[in-house]
Amino acid sequence: MSNSSEIREPRMVVRKFLAKPQREGVGAVVRRSIGRFELKYFDPFLVLDEFSVSAPGGFPDHPHRGFETVTYMLQGEVTHEDFEGHKGTIRAGDLQWMTAGKGIVHSEMPSEQGTQKGLQLWINLSSKNKMIDPRYQELQSKDIVTVAKDGIEVRVIAGEALGSQSPVYTRTPTMYLDFTLKQGAHLQQSIPRTWNSFVYVIEGEGVFGNSKASLVSAHNLLLLGSGDGLEVWNQSVNPLRFILVGGEPLGEPVAQYGPFVMNTQEEIDQTFYDYQNSVNGFEKAKFWKSQSLSDLEM
């Protein structure tokens, strides 16, 4: 998938945003790039947060409906638990791909001292998938497909790169690749032509789209234009690390209120009713409280 012959029309950077820190949850700091007022939606992506959280802060009990959350830890670890009794710890390099579907109530809290850092991406679901049963796909760091070639290392979270494929099933077709380029490396990665795609730089600085473009550094989101792939160069001494994410646009209306994402305002009203009355997917919300919240209240 890295042959230059496969990329006939490289995608260029059409918009660039620096994600600035803001408060979210309880004592957490997020750098939100997608989902802020200048970029409410980049079909099918609703939110991209680079989060940083230390105990006792975090993201206590809260609901979701109508989309997926993808949590990818960069540093430290977060404990997750939901009202179905599903719980576990997401450690550095681990992935949790959660399909909220018709409803999840869960908490995400730091499970060790120090600062926990990661990325959380919200992917919209089509109208036919919004009310499916919730499901999880979880991969430990050691189980994420990792390939290295010509100064390029990629962790294939979803989709395919350098001839290797992720086992993750994406209900909304999605690619999610974590690249690290050494000095002098040149990447050519194909992207399905009809998909929307973006880059988020985690560390270092690189040149994206056009070899004569200016350097882009950490915490910048790059929206890519049309084409069949992306070219990236690392011309600096330090490693360049970024995620490349692409997805098939749904082309459907979006009605969103916080953690609820549907197609119409009527469906949002119905979701509020369901959540407040603990029905239609939220039955267990009535009596459930996370262990972390119970501990805080003691």
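Contact here means heavy atoms within 4.5 Å. The model is predicted. By that contact criterion, and leaving out residues up to four places away in sequence, F198 touches I34, F42, F45, L48, L121, L221, L222, L223, L224, I243, L244 and V245. F198 also belongs to the largest nonpolar core, which holds 27 residues. Within this core, W97, L121, Y176, F198, L221 and I243 touch the most other members. Several strands feed the core. Those that each supply at least two of its residues are β4 (45-54), β6 (67-75), β9 (95-99), β11 (115-124), β14 (152-158), β19 (196-203), β22 (220-224) and β24 (240-247). Another core, of 25 residues, lies apart from it. Among the members of that other core are L177, I191, L230 and V232. In soluble globular proteins, nonpolar side chains tend to be buried together.

The annotated domain comes next. An unreviewed UniProt entry lists residues 30-123 as "domain: Pirin N-terminal". This span is 66% strand and 0% helix. Its end C-alpha atoms lie 18 Å apart.

The UniProt record, also unreviewed, lists H62, H64, H106 and E108 under "binding site". These four positions span 47 residues in sequence, yet no two of their C-alpha atoms are more than 12.7 Å apart, so they gather at one spot. From this set, H62, H64 and E108 take part in the lining of the largest pocket.

Two of the listed residues were examined further. H106 lies in strand β10, residues 104-110. E108 lies in strand β10 as well. The relative accessible area of H106 is 0%, so H106 is buried. E108 has 7% relative accessibility and therefore also counts as buried; the cut-off is under 20%. Beyond its neighbours within four places in sequence, H106 is in contact with P60, D61, H62, H64, H80, E81, D82, M98 and W288. Two of these partners, H62 and H64, are themselves listed under "binding site". With residues up to four places away in sequence again left out, E108 touches G58, F59, H62, T71, V78, T79, H80 and Q120.

D82, one of the contacts of H106, sits in strand β7, residues 77-82. Its relative accessibility is 2%, so D82 counts as buried. Excluding neighbours within four places in sequence, D82 is in contact with I104, V105, H106, Y136 and W288. W288 is thus shared, being in contact with H106 and with D82. D82 and Q291 are 209 residues apart along the chain, and their C-alpha atoms are separated by 9.8 Å. K212 and M262 give another pair. They are 50 residues apart along the chain, and 42 Å separates their C-alpha atoms. K212 is placed in the loop between β20 (205-208) and β21 (216-217). At a relative accessible area of 75%, K212 is exposed.

Aromatic pairing was searched over the whole structure, and eleven pairs were found. A pair of aromatic rings is described by the distance of the centres and the angle of the planes. For F51 and F59, the ring centres are 6.1 Å apart and the planes meet at 85°, so the pair is edge-to-face. F51 and F59 are both buried. F59 is also one of the residues touched by E108. Elsewhere, Y257, F260, F272, Y275 and F282 form one aromatic cluster.

Two polar side chains complete the account. T172 lies in the loop between β16 (164-165) and β17 (174-181). T172 is buried, with a relative accessible area of 2%. Its side chain reaches the backbone oxygen of N124 at 2.8 Å. Neighbours within four places in sequence aside, T172 is in contact with P44, I123, N124, L125, S126, E248 and L250. Q188 is found in strand β18, residues 186-190. At 13% relative accessibility, Q188 counts as buried. The side chains of Q188 and E231 are joined by a polar contact of 3.0 Å.

How values were computed. Residues are numbered from 1 along each chain as its sequence is written. This is a predicted model: local features need pLDDT of at least 70, side-chain atom pairs count only at pLDDT 80 or more; totals for chains, interfaces and linings use all residues. Side-chain values use heavy atoms; hydrogens and water are left out. UniProt positions are given in the numbering used here, feature names are shortened, and annotations may be inferred rather than shown by experiment. On a 1 Å grid over the protein atoms alone, a cavity is a set of points where a 1.4 Å probe fits but cannot get out, and a pocket is an open set with protein on both sides within 12 Å along at least five of seven lines; lining residues have an atom within 4 Å of a point. Helices (H or I, at least four residues) and strands (E, at least two) are DSSP runs, numbered from the N terminus. Buried means under 20% relative accessible area, exposed over 50%, partly exposed in between (1.4 Å probe, protein chains only). A nonpolar core is a set of buried Ala, Val, Leu, Ile, Met, Phe, Trp, Tyr and Cys residues joined through side-chain atoms within 4.5 Å. A polar contact is a pair of N or O atoms within 3.5 Å; within protein, one must be able to donate a hydrogen and the other to accept it, and residues adjacent in sequence count only if both atoms are side-chain atoms. Rings of Phe, Tyr and Trp (its six-membered ring) pair if their centres lie within 6.5 Å; planes under 30 degrees apart count as stacked, over 60 as edge-to-face and the rest as tilted.
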